[in-house]
Amino acid sequence: MKKLLLLFTIILFCSCSTMRLVGKKGEAVDLGLSVLWADRNIGAEKPTDCGRSLAWSKKSNKKHCDVPSRMWGKEWHTPTEEQINEIISRCKWTWQENPRGYMVEGSTGNRIFFPFRDDEKIQIFGYWSATRFLPNPQFCVYMYFNEKYPDTSYTPPFAVKYVRPVKAK
């Protein structure tokens, strides 16, 4: 039982692990922003899947390991707070029910989908940024949304969220 619990913990908090996450590598989508956004989350088989939820790090003082670089190649990375704010402010966000989530359309007419997992009981929902929250670097910035709007907030780095990678144009 102890070994099973340890294995579960390693899988759940694998943000700095060398293990391969299940899912397909995403395709880059040009939304007319400073970076290209992936069409899916880390660990997702298809764009409408949530994929794997991951911790930013296991401990608040540990340096962030970039899961997209490790899983999809060094050109991919976790978006910064600035890049998240850019997609929130410069793209059209349309809520849809089936599947639940936001269709996000850029100035290019290209679109990506951010799936919504309605499971706040375990507080997984949200998308990590690669940015520590200042003035308190014990927290990390993440993007969240509901049926009304997307926004950013902050949480301890050992919380689990999803990762939507970006890469340079």
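The paragraphs below lead from the chain as a whole to one of its sheets and then to its nonpolar cores. The model is predicted, and its chain holds three helices and 12 strands. Of the 169 residues, 45% count as buried, while the surface that the chain exposes amounts to about 9100 Å², with carbon and sulfur atoms supplying 54% of it. Among contacts between residues at least 6 apart in sequence, 62% join residues that are at least 24 apart.

A good place to begin is an open sheet of four strands, which has the order β1-β2-β12-β4 and antiparallel pairing. Its edge strands, each pairing on one side only, are β1 (28–29) and β4 (76–77). Strand β4 is joined to β12 (residues 166–168) over two bridges in the antiparallel sense, and here His77 stands opposite Val166 of β12. Helix α3 (residues 81–90) packs on this sheet, where it touches β2 (35–38), β4 and β12, and its direction makes about 80° with that of β2.

The same helix leads into the interior, since α3 supplies three residues, the largest share, to the largest nonpolar core. In this core of 23 residues, the members that touch the most others are Trp37, Ile87, Trp93, Phe114 and Phe145. Besides α3, the elements that each supply at least two core residues are β2, β5 (92–97), β6 (100–105), β7 (111–115) and β9 (140–145). Leaving aside neighbours within four places in sequence, Trp93 is in contact with residues including Ile87, Tyr102, Phe114, Phe145 and Pro150. A second core, separate from this one, has 13 residues, among them Leu54, Trp56, Met71 and Tyr142.

Terms used:
Residues numbered from 1 in each chain as written. Predicted model: local features only at pLDDT ≥ 70, side-chain atom pairs only at ≥ 80, totals over all residues. Heavy atoms only, no water. Pairing = 2+ DSSP bridges. Contact = heavy atoms within 4.5 Å. Axes fitted to C-alpha atoms, helices over the stretch in contact; angles between N-to-C directions. Buried < 20%, exposed > 50% of the residue type's maximum accessible area, 1.4 Å probe, protein only. Areas by Shrake-Rupley, 256 points an atom, 1.4 Å probe, with all protein chains shown as cover. Core = buried A, V, L, I, M, F, W, Y, C linked by side-chain atoms within 4.5 Å.
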